[in-house]
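Grab a pencil and work through these short exercises. Try each task before you read its solution.

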Amino acid sequence: MRFRSRWLAWLCLSLMLWAAMAESTHSHANQTEAASCSICMVAHSTVPVCSAHQLTPVFATIGVLSEEEITAKAQPGIFELGIRGPPEL
Ligand SMILES: [Zn+2]
């Protein structure tokens, strides 16, 4: 079992190396032959195409900010227990 998987791994690796070498070293005598070559067709079809496009931002008013004057309702520090409060700094 172990020998078989190792042999299969070497076979796959050698096939991959052979295919890479064949793809990189093959050449064509003329352009018509290159146009019908499946290796060249696949090589040129994998060129990444930029499909992203930039969206233009849309600026629209979604509301109006209105300021209201807020008055804090401050109360003097009166303790209900009748003891002196903490000293102020
Ligand atoms: Zn080719």
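**Getting the layout**

Reading along the sequence, you meet the pattern α-α-α. Keep in mind that this is a predicted model.

**Exercise 1.** Work out how many helices and how many strands the chain has.

*Solution.* Start by counting the helices: there are three. Then look for strands, and the count is zero.

**Exercise 2.** Find out how far helix α1 reaches from its first C-alpha to its last, and set that beside the expected span.

*Solution.* First, mark out α1: it covers residues 2-25, which gives 24 residues. Next, take the span from first C-alpha to last, which is 35 Å. Finally, compare: at 1.5 Å a residue you'd expect 34 Å, and the helix comes close to that.

**Exercise 3.** Decide whether α1 lies in the open or is buried.

*Solution.* A residue needs 20 or more other C-beta atoms within 10 Å of its own to count as buried. Of the 24 residues in α1, zero are buried, so the helix lies largely in the open. Now zoom out to the whole chain: buried residues make up 0% of its 89 residues.

**Exercise 4.** Take Glu23 and Ala43, and work out how far apart they are in sequence and in space.

*Solution.* Place them first: Glu23 sits in helix α1, and Ala43 sits in helix α3. Along the chain they are 20 residues apart, while their C-alpha atoms are separated by 9.0 Å. Now check the surroundings. The cut-off for exposed is 12 or fewer other C-beta atoms within 10 Å. Glu23 has 12, so it is exposed; Ala43 also has 12 and is exposed.

**Exercise 5.** Which element has the lowest mean pLDDT, and which the highest?

*Solution.* Helix α3 (residues 38-45) is lowest at 79, and α1 is highest at 93. Across the chain the average is 83, with 87% of the residues scoring at least 70.

How values were computed:
Residues numbered from 1 in each chain as written. Predicted model: local features only at pLDDT ≥ 70, side-chain atom pairs only at ≥ 80, totals over all residues. Helix = DSSP H or I, 4+ residues; strand = E, 2+ residues; numbered from the N terminus. Expected span 1.5 Å × (residues − 1). pLDDT = per-residue confidence, 0-100.
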